[in-house]
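Student: I have a structure to look at, and I would like to know what stands behind the words people use for it. Could we go through them together?

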Amino acid sequence: MINLDYVNFRTNEESFKNDYQDIIRAFSPFTVFQENGILIELSLINTADNEYNTIIEIDNNCLMHYEKQFKLEESLTEIERKSLKKRYSKIFLYEILSKLLSRKLPYGSLTGIRPTKLFHDLTSKGVDASDYFKNVLFVSDEKVKLIETICKNQTNIYNKNEKEIDVFVNIPICISRCSYCSFISAELDKVKKLVTPYTDLLLKEIETTKQIIKREGLIVRSIYVGGGTPTSIDDENFYRIISSLNFNASEFTVEAGRPDTISENKLKIMDKCGVTRISINPQSFNQKTLDLIGRKHTVDEIYKVYEMARRFSFDINMDLIAMLPNETFEDFKYSVNQTLKLNPENITIHTLALKRGSKLHESNYDNTSDLLPSKMVDYAMKSMLENGYEPYYMYKQKHVSGNLENVGYCKKDKACIYNVDIMEETTSIIANGAGAISKRLFLKDNRLERLANPKGLDVYLQREDALLKDKDNFFFNI
């Protein structure tokens, strides 16, 4: 076996470079980047050959030359041709590295954030998606089965109606910053004086959203209030925001998230305003871990808040993270078992991703491991299925432990519509608040356009006229 300890990479397709590097990083901890070390060069060469019109070449400064040819149909659009060129060259790079390292990855050459979206797209074109994932993308049998199951479980939720939309509201404020977090979220103590002005402008934006919905004759499928932790702010401003979201949607979710931000009064406000789903996110049931990652609550608070929330009619989601710092398999197993004892309607199993901007990334924490991430995730899945939960949505992230995934599980008929809509990108989203990103679906062209609000609270507050006008124009004539 050839051990690619240090890899440097370059390509003539600069627009694909990050995607190629994602393939190499996916093999971590077996490959890392370094200025001096093994050099891999990947080139895409167009040719006028009658049989093939593109050649992929991979050269290695201490190994050998590899070459593969493929042909693209003439009827493809330029966007489709570019997408397939990227996909085929990633597949070839994966094949070479897999051979050199004598190692296969659970998702093969697939590095995109939405595997189920690709599975749906292939199926809609009459392609045997399971076969394509296994034999073209080299996804493992176990992961193909997971993706198949999720797509099947989305059958009654999957939307393709331009007139049906979701409303997202962002409150990017937390009481403290977790070490794994990279969100554009402000700590409450530092922005208290901005909470009321922020609420004032957010309500104006929500009013613009209502005008758009009325003008365009839209139907709201779900409302989702995220952050940050929306329940971090004071009761008065929290009520002003939540009570304004009277869109008559069947699903209304609030990310309460942090147990130390949930009070009986917050629960009463949400109940009064028609909220149907909340999250209470432990991340771990081990106190040593909570302290280490910067959570400012105790394990006992998780139980107390959960019991208090159960006095209301909310569906509850709980999040856990595999591969948190210093956690063993037994630590994670304990958290899974404690969550199952509480019996929430939804449980989401995340696999730790080291994102730039997070304290863990800045401290050079190593979340790579050969077998532990898979062992944790496999135990969670087995336990979920045995306790009546089914997987219904998933997504992948860069720099994630074990090149794995995040999966949401739910009890029968308790899937979160918004989670499916945003991951499958089948529904337009009118997003409100700092850092919120609106998405508009164009079914005829099979494309999605995005409109991003300013990220920081201060910049958001300075852009009032422009952001309201931009939103109104973006959703004109749906």
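Student: Why is E236 called exposed?

Tutor: This is a predicted model, and in it E236 has a relative accessible area of 60%. Exposed means over 50%, so E236, at 60%, is called exposed. You will find E236 in helix α7, residues 235-244.

Student: How far is E236 from I269 in sequence and in space?

Tutor: E236 and I269 are 33 residues apart in sequence, and their C-alpha atoms are 9.7 Å apart in space.

Student: How do you know that R87 has no salt bridge?

Tutor: Look at the side chain of opposite charge that is nearest to R87: D121, 7.2 Å away. A salt bridge needs a side-chain nitrogen and a carboxyl oxygen within 4 Å. The distance to D121 is 7.2 Å, so R87 has no salt bridge. R87 is buried all the same, and its place is in helix α2, residues 78-101.

Student: Which residues does R87 touch, leaving out those up to four places away in sequence?

Tutor: R87 touches L118, Y132 and L137. To count as a contact, heavy atoms must be within 4.5 Å.

Student: What makes helix α1 mostly covered?

Tutor: Helix α1 spans residues 17-26, and 7 of its 10 residues are buried. They are D19, Y20, Q21, D22, I23, I24 and A26. Each is called buried because its relative accessible area is under 20%.

Student: How do you know that strands β17 and β18 pair?

Tutor: Count the bridges: β17 and β18 have 6, in the antiparallel sense. Pairing takes at least two, so these strands, with 6 bridges, pair. For example, K439 has R450 in β18 as its bridge partner. The two strands form a hairpin with 4 residues between them, and N446 in the turn has a positive phi of about 50°. Strand β17 is also mostly covered, with 5 of its 6 residues buried.

Student: Which residues touch the most other members of the largest nonpolar core?

Tutor: Those are F133, L267, I278 and I280, in a core of 97 residues. Helix α6, residues 188-216, gives the largest share of this core, 9 residues. Apart from it lies another core, of 24 residues, among them F9, I23, F27 and L42.

Student: What does F133 contact, leaving aside neighbours within four places in sequence?

Tutor: The contacts of F133 include L110, P115, L118, F119 and L122, and also F138, V139, V144 and I147. As a general tendency, nonpolar side chains in soluble globular proteins tend to be buried together.

Methods. Residues numbered from 1 in each chain as written. Predicted model: local features only at pLDDT ≥ 70, side-chain atom pairs only at ≥ 80, totals over all residues. Heavy atoms only, no water. Buried < 20%, exposed > 50% of the residue type's maximum accessible area, 1.4 Å probe, protein only. Lys, Arg positive; Asp, Glu negative; His and termini not counted. Core = buried A, V, L, I, M, F, W, Y, C linked by side-chain atoms within 4.5 Å.
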